[in-house]
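Please open the model in a viewer and follow the stops below in order. Each stop names a selection and then describes what is found there.

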Amino acid sequence: MSILQRFGINTFGRDFAVGDIHGHFTRLQRALDLVGFEPSIDRLFSVGDLVDRGPESDQVDAWLANPWFHAVRGNHEQMAIEAHRFDPDGRAAEQYLVNGGAWFFARSSIEKDCYVQLLADLPLIIEVMTPQGLIGIVHADCPFPTWQMLQSWAEGNMPGMRNVEEAVQWSRSRITHEQHHGVGGVRAVVVGHTPVRRPAVLGNVYHIDTAGWMDGHFTLLDLHTLQTHPPIDPKMHWDWEERP
């Protein structure tokens, strides 16, 4: 497993990011169809939480096999890994079951092994270079004031730093406290994890989990232009809902 995965400029097509999917791949496909997504030239980057809660979590392997689809590891992927590998009969398994893991526990032991290996191979951080600059993607937040500090941690140069992985996958402090200072050294950071009624931009951190897996819609963020699809409705007040 590589903590950080880098992608060069897409010179042929478009790059999009999408919020948490949570086992609703058919809904996601409809959103892609609406923007005319072209798999031969376009790329789609996920902020993680591909599985749980929705009816199609078992399709995650087919989606990750697509050469144009790339994802970071969210907290739900992490819960699956910890429940299966480290605490199958204890609290971790119980927590995962409560938070949508029933589909996983219904699989055979061989299937569980395969799914967990696939999810464990996902990076925690993705970087996408665009013609306008570097875009960073993590599931929940960048816990450092600059992107270069997160890069340094990912490369093993900050061994004394603890709880960074947890913050990258679980933190909600930026959005709960409405922190607008942003992250230096990067054009934008794209995150999910916390459902919002419309995309929220705090500094240069884009929160795009608009609950397409629940009662909202999937937002696609064009990484080259930083425009959202569908466009933001200025009349809609944004708020957020805390969920695991």
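Begin by selecting strand E2 (residues 15-18): Asp 15 and Ala 17 point one way, Phe 16 and Val 18 point the other way, and all are buried. Buried means under 20% relative accessible area, with a 1.4 Å probe and protein chains only. Strands (E, at least two residues) and helices (H or I, at least four) are DSSP runs numbered from the N terminus. In a regular strand the side chains alternate between the two faces of the sheet.

This is a predicted model, in which local features need pLDDT of at least 70 and side-chain atom pairs count only at pLDDT 80 or more, while totals for chains, interfaces and linings use all residues. Residues are numbered from 1 along each chain as its sequence is written, and side-chain values use heavy atoms, with hydrogens and water left out.

Next, add strand E3 (residues 43-46), which pairs with E2 in the parallel sense over four bridges; two strands pair if DSSP finds at least two bridges between them. Here Asp 15 has Arg 43 as its bridge partner, and Ala 17 stands opposite Phe 45.

Now select strand E10 (residues 220-222), which pairs with E2 in the antiparallel sense over three bridges. Within E10, Leu 221 is the bridge partner of Ala 17.

Widen the selection to the open sheet, where five strands run in the order E4-E3-E2-E10-E11 with mixed pairing. Its edge strands are E4 (69-71) and E11 (228-229), each of which pairs on one side only.

Then show helix H1 (residues 25-34). Together E2, H1 and E3 make a right-handed β-α-β unit; right-handed means that, with the strands pointing away from the viewer, the path from the first strand over the helix to the second runs clockwise.

Which helix gives the most to the lining of the largest pocket? Helix H1 does, with four residues. A pocket, on a 1 Å grid over the protein atoms alone, is an open set of points where a 1.4 Å probe fits, with protein on both sides within 12 Å along at least five of seven lines; lining residues have an atom within 4 Å of a point. The residues to select include Arg 27, Arg 30, Phe 218 and His 229. The largest pocket holds about 190 Å³ of space, a volume being the space filled by probe spheres set on grid points joined across faces, edges and corners.

Finally, select the aromatic cluster of Phe 16, Phe 25, Phe 37, Trp 63, Trp 68 and Phe 69. Rings of Phe, Tyr and Trp (its six-membered ring) pair if their centres lie within 6.5 Å; planes under 30 degrees apart count as stacked, over 60 as edge-to-face and the rest as tilted.

Technical notes
Buried means under 20% relative accessible area, exposed over 50%, partly exposed in between (1.4 Å probe, protein chains only).
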